[in-house]
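Please open the structure in a viewer and keep the selection tool at hand. The stops below are meant to be followed in order.

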Amino acid sequence: MTSNSSKFNSLPLLLLLLCLFAATISATRTGGIAIYWGQNGNEGTLAATCATKKFPYVNLAFLNVFGNGSNPELNLAGHCDPASGGCVSLSTDIRSCQKQGVKLMLSIGGGIGIYSLSSKLDARNVSLYLWNAFLGGKSSSVFRPLGDASLDGIDFDIESGSSQFYDDLVRYLKSYCTKSQRVYITGAPQCPFPDRLMGTALNTGLFDYVWVQFYNNPPCQYTSGNTTNLINSWNLWSRTLRVKKLFLGLPAATQAAGSGFIPAEVLTSQILPVIQKSPKYGGVMLWSKYWDDQSGYSSSIVSGV
Ligand SMILES: *[C@@H]1O[C@H](CO)[C@@H](O)[C@H](O)[C@H]1NC(C)=O
Ligand SMILES: *[C@@H]1O[C@H](CO)[C@@H](O)[C@H](O)[C@H]1NC(C)=O
Ligand SMILES: *[C@@H]1O[C@H](CO)[C@@H](O)[C@H](O)[C@H]1NC(C)=O
């Protein structure tokens, strides 16, 4: 190969590498808190959530109907009604968050919803919908429920249906990465490894941030004063998963989950110092802004994260 041809051939490869590694390059050394917003109208606005300066990552929850030929549906509980255009003004909040450096992801799936992918073609159709309705695509024929601001990426919280074709969906979404806009891919698998529904997608190695749910899963969570199962599970994830940053996903209050809540003092003294030794450590994920408002959990842990 002459040096000329290799120079030209390597341009697309260079762009791909930039897309894959930009997050690593800009990554900071310390951890941050990711939080879910959207499933309770009494948790303050998106702009107010970002203005706390406690959350470098906010997941908007949830797009809970998609795929298999369905008309996608966004659900933001009491915040606003996406279907009637009631959420387009969120673009102002989105821009204000992004100005402060907060990364915003649309979370797809969730505990209550109807979603599945029926084929690779269906995955492509859904990827184009997500790109045009929420990310940088902006096709004039697709309604944008959150207005014209572009979110930073898509968060996968697949808790029901089938595991099929989510790896294709991830690959299609990543391929829309351009020089002016990256597409972040994040996910919230359950801690039993590998995740039954998201394992194949996670194996693509294309996820930027993964916040594992170390709750509602007794075999791999903190249980009655004992950190062994939690730390063993964290070590397995951190050893095995190809991902830029790994987060410890936790309930923000005892009532926020069926089980797995960790008192702030236990987290900061017995758990964070251990998992922070992992090179992939990215911080803590909390479910959810509403429960965090009730408990003040993030304020109690933020200096230790
Ligand atoms: C493609 O996705 C749209 C939503 O964007 C949906 O309304 C349509 O039915 C899908 N088409 C097919 C063939 O699945
Ligand atoms: C798609 O929907 C049809 C019925 O509308 C159902 O029979 C089928 O199981 C669904 N496929 C998936 C992958 O969910
Ligand atoms: C903690 O849990 C592990 C695993 O279940 C068990 O082997 C260990 O004895 C427990 N430690 C204490 C102090 O109870």
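The tour visits the nonpolar interior and then two ligand sites.

This is a predicted model. Begin by selecting Leu130 and Phe156: within the largest nonpolar core, which has 79 residues, these two touch the most other members. Next, colour helix α4, residues 120–134; with seven residues, helix α4 supplies the largest share of this core.

Which residues surround Leu130 once its neighbours within four places in sequence are set aside? Display Leu63, Leu106, Ile108, Leu135, Ile154, Leu169 and Leu173, with each of which Leu130 is in contact. Apart from the largest core there is another, of 17 residues. To find this other core, select Ala34, Phe62, Tyr209 and Ala257, which are among its members.

Move now to ligand 1. Gly69, Ser70, Asn71, Pro72, Asn125 and Tyr129 surround ligand 1. By class, this shell comprises two nonpolar and four polar residues, and no charged ones. Two distances merit display. One oxygen atom of ligand 1 lies 2.4 Å from an N or O atom in the side chain of Asn125, and an oxygen atom of ligand 1 is 3.2 Å from a polar backbone atom of Gly69. On its own, ligand 1 has 360 Å² of accessible area, of which the protein covers 51%.

The last stop is ligand 3. Select Asn226, Thr228 and Asn229, the residues that surround ligand 3. Here an N or O atom in the side chain of Asn226 is 2.3 Å from an oxygen atom of ligand 3. Ligand 3 taken alone exposes 360 Å², and the protein buries 28% of that area.

Conventions: Residues are numbered from 1 along each chain as its sequence is written. Chains are lettered from A and ligands numbered from 1 in the order in which they are written. This is a predicted model: local features need pLDDT of at least 70, side-chain atom pairs count only at pLDDT 80 or more; totals for chains, interfaces and linings use all residues. Side-chain values use heavy atoms; hydrogens and water are left out. A residue is near a molecule or strand if one of its heavy atoms lies within 4 Å of it. A polar contact is a pair of N or O atoms within 3.5 Å; within protein, one must be able to donate a hydrogen and the other to accept it, and residues adjacent in sequence count only if both atoms are side-chain atoms. Accessible areas come from the Shrake-Rupley method with a 1.4 Å probe; for residues, only the protein chains shown count as cover. A nonpolar core is a set of buried Ala, Val, Leu, Ile, Met, Phe, Trp, Tyr and Cys residues joined through side-chain atoms within 4.5 Å. Buried means under 20% relative accessible area, exposed over 50%, partly exposed in between (1.4 Å probe, protein chains only). Helices (H or I, at least four residues) and strands (E, at least two) are DSSP runs, numbered from the N terminus. Contact means heavy atoms within 4.5 Å. Ala, Val, Leu, Ile, Met, Phe, Trp, Tyr, Cys and Pro count as nonpolar, Asp, Glu, Lys and Arg as charged, and the others, Gly among them, as polar.
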